[in-house]
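Thank you all for coming; I was asked to walk us through one structure this morning. Please have a look at it first, and then we will go through it together.

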Amino acid sequence: MKAWRDRIASRATMVGVIGQGYVGLPLALVFHQAGFRVLGFDIDPVKVAALSRGESIIQHIGSERVATAIASGKYNVTADFDRLRECDAIFICVPTPLGAHREPDNSYIHDTARAIASRLRPGQMVVLESTTYPGTTEQEVLPILEQSGLSCPGDFLLAFLPRARGPRPQGLQHQDHSQAGGRREPGLHGGGRRVVRGLPRARHPSQPRARRGVGQAAGEHLPLGEHRFGERAEDDPRPHGHRRLGSCPRRRHQALLNSRMPRYVIEKLTLALNGDRKAINGSRVLVLGLAYKADVDDDRESPSYEILELLLEAGAQIDYCDPWFPKTHRTRKHDLGLRSVPCDAATFSQYDALVVSTAHDVFRKAELYRGTRLVVDTRNLMAPLFPDGGGPRVVKA
Ligand SMILES: NC(=O)c1ccc[n+]([C@@H]2O[C@H](COP(=O)([O-])OP(=O)(O)OC[C@H]3O[C@@H](n4cnc5c(N)ncnc54)[C@H](O)[C@@H]3O)[C@@H](O)[C@H]2O)c1
């Protein structure tokens with residue numbers, strides 16, 4: 001343990017981040033900024049090549065950040081998994097897409113665990129960062145890693161670091177592990193060490209919720225310890241499936257709310273239009289925001305698609321506005337083939353109603369709504385724009 005502490009303090013630790021996507025790339029850059037040498041791994045050769053040229057593959061992460069990291073020589077991106085041997089700490093940030101029954105598909109995690117197992121060496125730490133259901137670390141990842149012949153915690157360390165809403169220095173939120181599975185390991189307390197601002201501390205499932213705010217206030221932490229942590233589904237606004245929802249009534253309730261949200265929005269809109277003696281059938285409705293959360297170019301599992309689809313089914317003439325997405329993507333369930341309309345008052349005024357689905361900053365301007373009649377607001381975006389009243393009729397959903 002002391003050896004780990006010393007290596008971290010002196011930044012001798014080599015950090016490996018597997019998966020250079022929305023989660024893995026910022027994580028790699030945070031480690032790099034904190035002075036560590038970082039190896040980013042990805043199976044996508046196009047991504048590896050672009051990043052190696054210093055080009056960002058994510059809109060809200062500027063290429064300058066990537067270029068600076070690459071130019072320093074301390075951040076490299078590779079598809080050569082043999083280089084995992086060079087890493088002291090390995091973070092798994094691969095996708096866990098939802099299957100047809102909204103169950104996370106852990107096959108990427110399994111593939112990655114196998115790739116690590118065949119190169120695992122004593123002294124390494126493996127941290128699972130992908131969103132998953134409780135039990136994955138101990139029951140799925142650990143057995144694969146132990147096929148290497150090494151054991152945990154004697155030879156290597158294994159932890160679960162729940163992904164916060166974005167590995168960024170401000171606005172971090174810790175996950176609530178109080179309901180999560182996993183078992184208590186001796187010497188847990190003090191398992192987290194503050195090393196890098198911008199990272200949440202790995203926490204044990206039984207750690208009381210009251211401590212949740214500590215990391216938020218004090219900065220963030222690199223997990224370090226001879227503990228296997230339990231896990232929970234990501235605290236993500238998307239309607240994540242959760243294989244063991246039954247074990248957590250609060251999350252089950254939240255998932256249910258999320259999946260019902262689009263229908264609730266349509267009900268609210270129908271009633272509001274009704275008040276104006278209008279039917280949803282034939283009305284022109286503009287949905288603001290396609291991204292699943294504000295100011296990101298990620299629309300996977302976004303409820304906006306469901307809202308648009310339901311509006312279409314109800315006979316509305318639909319459009320959407322989202323400067324982050326010039327056109328809709330084809331998703332597992334939807335193929336709307338729409339293009340974003342301009343984000344201006346003249347455009348907005350042409351619709352019978354607007355539905356705020358994502359609270360992008362660009363929508364936070366009162367003048368945009370000067371010709372708007374009705375807004376169904378799922379994000380409470382409108383109220384702060386018109387603190388003294390005025391503005392369009394707003395229905396909260
Ligand atoms: N994007 C978010 O805001 C967000 C929020 C919360 C949780 N998460 C979770 O974080 C995890 C990663 O999500 P993401 O959004 O970064 O996904 P992503 O699709 O943006 O990136 C994943 C990357 O992993 C690579 N990859 C796939 N299989 C691989 C393998 N076997 N080895 C190496 N690389 C591989 C892909 O090429 C891709 O570049 C998921 O579990 C997701 O649910 C994401």
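I will begin with how the model is to be read, and then turn to two sheets and the ligand.

What we have here is a predicted model, in which local features need pLDDT of at least 70 and side-chain atom pairs count only at pLDDT 80 or more, while totals for chains, interfaces and linings use all residues. Residues are numbered from 1 along each chain as its sequence is written.

One open sheet has six strands in the order 3-2-1-4-5-6, with parallel pairing; strands here are DSSP runs of E with at least two residues, helices are runs of H or I with at least four, both numbered from the N terminus, and two strands pair if DSSP finds at least two bridges between them. Strand 3 (75–78) and strand 6 (157–160) stand at the edges, each with a single partner strand, so one side of each has no neighbour in the sheet. Within this sheet, strand 1 (residues 14–18) and strand 2 (residues 37–41) pair in the parallel sense over five bridges, and Val 15 stands opposite Val 38 in strand 2.

The other open sheet has five strands, in the order 10-9-11-12-13, and its pairing is parallel. Its edges are strand 10 (317–321) and strand 13 (393–396), each of which has a single partner strand, so one side of each is left without a neighbour. Strand 9 (residues 284–288) is joined to strand 10 by five bridges, and Arg 284 has Gln 317 as its bridge partner in strand 10.

Finally, what share of the shell around the ligand comes from helix 5? Helix 5 (residues 107–117) gives the largest share, three residues.
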